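Trainee: Got a minute to go through a model with me? I'd like to start with how helices pack.
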Amino acid sequence: MTNHRIDFETPLKFAYWVPNVSGGLVVSTIEQRTNWEFEYNKKLARIAEDSGFEYALTQTRYAASYGADKQHEATSFSLALLGATDRLKVISAVHPGMWHPGVLAKFIITADHLSGGRAAVNIVSGWLKDEFVNFGLPWLEHDERYVRTEEFINVLRGLWTQKGYSQSGTYYNIKDFTLSPAPLDIPGRAHPEIFFGGNSTAAQAAAGRTADWYFSNGRDLEPFKDNIRGVLAAAQDGRTAPNPPKFGLNGFVIARESEKEAQETLREIIAKAHKPAVEGFAAAVKEAGQSTKDGKGMWEDSTFEDLVQYNDGFRTKLIGTPEQIAERMVEYKKIGVNLFLTGYLHFQEEVEAFGRDVLPIVRELEADLARKNGTELRTDLLPVTGFQAAGANA
């Protein structure tokens, strides 16, 4: 594996989980001033883009699970959020096996045109067996799902970038097909961005070969270094994406005035966990994680406490004062993280507070880090905030 060059010049990017499913981001009876309906999410999206967030990720869920008894479909919800915002990029999570890649490619092209080039996808190979089986769809075992996913991503990229595209595979056979119009021609972007998530060896390998962005569940620093190494090793061998992979990490943010208050909030979340929902989720996901050939799948070593935030968000340890959280994020930047995907108890107010209290410290620390490494932070790449946008339109 070649050395991974850490990008000190480019500012960290920030995303948030779209709460388009009921129950919030933690499986707990603690108060969560968060709502799954569109009006709440429309306001949240506008707050986020005005606060310095560049991305939002809309969750995909079909059947009730881990306390989420209601859910809006991800791609249509994302399209509505794109229509309600000016700068935010919205990532739709989708399952191969639920979609044909050609149909999804066409949908995203339309969303891309309607939004001025802000549509993206997160390819989720699928771990909730009941959703597939009860829909009457074929259920593939773990590593085979990633074979299908890799073919799926190759079809998306091929149809977005080539005329008369053909591909012959186990799961998808495309013959001399052209989608017109093509996605918008956006400077610095080969096509709508493709995110791809998974912690397993098979997931890292598929992401390294095909994805623009590799997403991981919450991880501590050293374990995430291992993930990065796995993705980069695969990228060295047969990568089909036009640029090197970038890295995104999930983290649940609890920013409070004191570390003591933040830790007390974490303890309350866990103490009030909805035990049957967490245990049911744990049973489903551990079967998925442990079904890998090497037993290194997502959630395979997650504890009950970890799973109260169902994407291991506590493990990233973004819990403390704004200064502590900013310092922690920059430590991750030093190992190669490019983006944080964040969750909160009270989305509207805490996303706004993150932009106000945490992000300015992050930017100061990033600028210092860049200078210490003989370069400068590219402030021209920082997202436009609401204040700047208002000034430009005055």
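Mentor: Sure, terms to begin with: angles under 35 degrees count as roughly parallel, over 145 as roughly antiparallel, 65 to 115 as roughly perpendicular and the rest as oblique. This is a predicted model, where local features need pLDDT of at least 70 and side-chain atom pairs count only at pLDDT 80 or more, while totals for chains, interfaces and linings use all residues. Residues are numbered from 1 along each chain as its sequence is written, and side-chain values use heavy atoms, leaving out hydrogens and water.

Trainee: OK, at what angle do H5 and H6 pack?
Mentor: About 15 degrees, with the axes of H5 (residues 142-161) and H6 (residues 201-210) 9 Å apart. H5 and H6 are therefore roughly parallel to each other. Axes here are lines fitted to C-alpha atoms over the stretch in contact, and angles run from 0 to 180 degrees between N-to-C directions. Helices are DSSP runs of H or I, at least four residues; strands are E, at least two.

Trainee: Which residues meet there?
Mentor: From H5, His142, Asp143, Tyr146, Glu150, Ile153, Asn154 and Arg157; from H6, Ala202, Ala203, Ala206, Arg209 and Thr210. Contact means heavy atoms within 4.5 Å.

Trainee: Switching topic, which residues of H2 are buried?
Mentor: In H2 (residues 74-84), Ala74, Thr75, Phe77, Ser78, Leu81, Leu82 and Ala84 are, buried being under 20% relative accessible area with a 1.4 Å probe, protein chains only.

Trainee: And what covers them?
Mentor: The cover includes helices H1 (38-50) and H3 (101-115), plus strands E1 (13-18), E2 (55-58), E3 (89-94) and E4 (119-123).

How values were computed:
Buried means under 20% relative accessible area, exposed over 50%, partly exposed in between (1.4 Å probe, protein chains only).
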